[in-house]
Amino acid sequence: MSIRHPFELLIRSKHTTEPIRHAKRQWKKRNQTFSFSNTVLVLALLFLFIPLFVIIFYSFNKSKDTTFTGFSFVWYQKLFLSSDDLWHSLFNSLLIAVSSGIVATILGSLAAIGINWYKFIGRSYIQTMSYLPMVLPEVIMGVSLLIFFSGIKLSLGLLTIFIAHTTFCLPFVLLMVSARIDEFDYSTIEASHDLGANEMETLFLVIIPAIMPGVISGFMMSVTMSLEDYVITSLVSGPGSTTLPLYVYSMIRFGVSPVINSLSFILILAICLLTFILRRGLKGFAAAH
């Protein structure tokens, strides 16, 4: 099997035969008293979630230090009544995450459709280059964007952060939508043409609804990556454009307030609720299409 470029294995369509599916089903039905993979899974989940439970626990601590002195809502009170700068940084993060996620999703989805379904000169090279922001270190990405903004005389601020986040989120949308396109039934396009639909109608009425789960997943991935980014944001931010990661890092010099724990618990609840809603919605949408 020849590979034209290093990322072809990521985007090549895979066809699973019935014998392979049968073998997988039989393997899952086996009875095991001990499974090394399950043990590793449990340990990995504990490693990931124990810090979250620690944050939630100390958000109700009356004391500011790590010694638990009593159950209290004092830090939630300070969060809602006297943390204007914190809420402002969170608003900046949400504004940039949602706006850059929308733009990256639109551009990445259209790029995935064009790259996977149309043949043009330099297609394989464009496809390879589009994945570079995923593998380049964030410091290199941030410095290159900073040099670019300085070269075009663009003042650092929310706009430069928005452009930077759109740039590094776009490849992830492209990859996730391309994976969805690999499972697309091309006969539906032929059927839409036979029924008289033109190319634009086929795009909006057939293709986009069919790949919508991949599009929504790409958008959520973009929002998540934008919210947690620090390295690139710190290099391309300017006065008055503090995001939540920058604000939290600036607090380290004076000691991180437990108010951050309270805000983290609220964000965890919001993300869990949103994930549950989207999971049920995407399953229903995928079943309908």
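**View 1. C169, a cysteine tucked out of reach.** C169 is buried, and its relative accessible area comes to 0%. Another cysteine, C272, is partly exposed, with a relative accessibility of 48%. Why does C169 count as buried while C272 counts as partly exposed? Buried means under 20% relative accessible area, and partly exposed runs from there up to 50%, so the 0% of C169 puts it in the buried group and the 48% of C272 makes it partly exposed. How many disulfides does the structure hold? The count is zero. Keep in mind for this and every other view that the model is predicted.

**View 2. The whole chain, helix after helix.** Stepping back for a moment, the protein chain has 14 helices and zero strands. Reading along the sequence, you simply meet α again and again: α-α-α-α-α-α-α-α-α-α-α-α-α-α. The chain runs to 289 residues, and 34% of them count as buried. Take the contacts between residues at least 6 apart in sequence: 73% of these join residues at least 24 apart.

**View 3. The largest nonpolar core.** Here you're looking at a group of 28 residues, the largest nonpolar core. L145, V177, I207 and I211 have the most contacts inside it. Which helix gives this core its largest share? That's α9, with nine residues. Helices that give two or more residues to this core include α8 (138–151), α9 (158–182) and α12 (231–236), and α5 and α11 do so too. Apart from this core there is another one, made of nine residues, with L79, L244, M251 and V259 among them. As background, nonpolar side chains in soluble globular proteins tend to be buried together.

**View 4. I207 and its company.** Zooming in on I207, one of the residues with the most contacts inside the largest nonpolar core, what does it touch once neighbours within four places in sequence are left aside? I207 is in contact with I113, W117, F184, I189 and T202.

**View 5. G214 on helix α11.** G214 is found in helix α11, and it counts as buried with 7% relative accessibility. Setting aside neighbours within four places in sequence, G214 is in contact with M176, V177 and R180. Look at the pair G214 and R180: they are 34 residues apart in sequence, yet their C-alpha atoms are 5.6 Å apart in space.

**View 6. H165 on helix α9.** Is H165 buried or exposed? It counts as buried, because its relative accessibility is 1%. H165 has its place in helix α9. Not counting residues up to four places away in sequence, H165 touches I96, S100, S226, D229 and T233.

**View 7. The largest pocket.** The largest pocket has a volume of about 1,300 Å³. It is lined by 34 residues, and T224, L227, L267, I268 and I271 are the closest to its centre. Which helix gives the most to the lining? With 14 residues, it is α14. Helices that each supply at least two lining residues include α3 (36–59), α5 (84–117), α11 (199–228) and α13 (244–251), along with α14 (259–288). The lining splits into 26 nonpolar, six polar and two charged residues.

Note on methods. Residues numbered from 1 in each chain as written. Predicted model: local features only at pLDDT ≥ 70, side-chain atom pairs only at ≥ 80, totals over all residues. Heavy atoms only, no water. 1 Å grid on protein atoms, 1.4 Å probe; cavity = no way out; pocket = protein on both sides within 12 Å on 5 of 7 lines; lining within 4 Å. Points joined across faces, edges and corners; volume = space filled by probe spheres on them. Helix = DSSP H or I, 4+ residues; strand = E, 2+ residues; numbered from the N terminus. Nonpolar A, V, L, I, M, F, W, Y, C, P; charged D, E, K, R; others polar. Core = buried A, V, L, I, M, F, W, Y, C linked by side-chain atoms within 4.5 Å. Buried < 20%, exposed > 50% of the residue type's maximum accessible area, 1.4 Å probe, protein only. Contact = heavy atoms within 4.5 Å. Disulfide = S-S within 2.5 Å.
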